[in-house]
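Q: Take me on a close look at one pocket of this model and its surroundings, please. I'd like one connected story, with the cut-offs spelled out as you go.

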Amino acid sequence: MYLEHLRVSGRTDKHIITLAGLLKNMFFEVLGKDTPVESMSYLNDMVPFMRQMQGVSEQTRKPRSQTSVNRYCDYVDAIFNFGVEMKLISSNPMKGRKKAKERPRDVQVNVYDLRRIMDYAEPHIRWAMEVCFNLGTRPGPSELFALRWEHVDFEKSTVRIYATKTKTFRTVPVTPAFLERLREMRDKSQSSYIIEYRGKPVTTIRKSFNTACDLAGIKVPVRMYDLRHLFATTMLSNGADLAAVSKLMGHSTVKMTADVYYHYLEGEKEKAVGKLPSLVGV
């Protein structure tokens, strides 16, 4: 019932398929497909469930990250909340759970590394990296691959991005140099999509991106999302306003941006302390 609710609520097919797979292959196995939710309790059922989620992943053969554990528990929590809201169950057995703090991912690549990767990447991968870094898009179908040429305002030097995650539009200004690159690529484009491969829209570039990283000799973990991270940290490190960066990132609040990126604001703490007056007469 919850999956059907997601379908009519406009959630992406990818999200629904992912959740359906987790239910079938993991959640039902741990919780019991035929166990009535009304008989479940936080201590007897949810705590063991969360411990099980912290176990070794069958795919990676390593303990799951706290981020994955939190996400899986959020899925189950949302399903139970839906049941309460629809009056299918009287209470949510997940109630009482405190989400564990996640360790921020340590991005170890820099702009120089990105240039090295681009040197070994296929043309459409290079272009995808360039777009992602200049616009700060979320990589993948949600934002980067959904960009169309109609979203570019060449007169105002802006690109309009729709975020499926927050269901909001944001407008990102572009530099004159990148605007010229957009013009060049539009003239060569064979489709309505900004990121394309042989005239067709792109759905994934992970394998080709990883191959380029290997060829470039990058020894640290790297993913396309790191370009969005560098979009923010590069601007903040060079004195950009936190609220402006938050808007460009498409975050719902400035607090969200500050929690993740504030430590990249070079000299802000020193500047703040410098505003204190002396208590001793000069």
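A: A pocket here is an open set of points on a 1 Å grid over the protein atoms alone, where a 1.4 Å probe fits and protein lies on both sides within 12 Å along at least five of seven lines. Its volume is the space filled by probe spheres set on the points, which are joined across faces, edges and corners. By that recipe, the second largest pocket comes out at about 520 Å³. It is lined by 20 residues (an atom within 4 Å of a point), and Leu-23, Phe-28, Val-37, Ile-79 and Phe-80 are the closest to its centre.

Bear in mind that this is a predicted model, so local features need pLDDT of at least 70 and side-chain atom pairs 80 or more, while totals for chains, interfaces and linings use all residues. Numbering starts from 1 along each chain as its sequence is written, and side-chain values use heavy atoms, with hydrogens and water left out. The chain averages a pLDDT (the predictor's confidence per residue, 0 to 100) of 89, and 95% of its residues score at least 70.

Who builds the wall? Helices H1 (2–8), H2 (13–31) and H4 (66–85) each give two or more residues to the lining; helices are DSSP runs of H or I, at least four residues, numbered from the N terminus. H4 supplies the largest share, 5 residues. Chemically, the lining has 15 nonpolar residues, 3 polar and 2 charged. Ala, Val, Leu, Ile, Met, Phe, Trp, Tyr, Cys and Pro count as nonpolar, Asp, Glu, Lys and Arg as charged, and the others, Gly among them, as polar.

Two of those helices also share an aromatic contact. Phe-27 sits in H2 and Tyr-72 in H4, so this pair links distant parts of the chain, 45 residues apart. Their ring centres are 6.0 Å apart with the planes at 70 degrees, which makes the pair edge-to-face. For Phe, Tyr and Trp (its six-membered ring), the pairing limit is 6.5 Å between centres; planes under 30 degrees apart are stacked, over 60 edge-to-face, and the rest tilted.

Phe-27 and Tyr-72 are both buried, meaning under 20% relative accessible area with a 1.4 Å probe, protein chains only (over 50% is exposed, in between partly exposed). They aren't on their own either: Phe-49 joins Phe-27 and Tyr-72 in one aromatic cluster. Across the whole structure there are 5 aromatic pairs.
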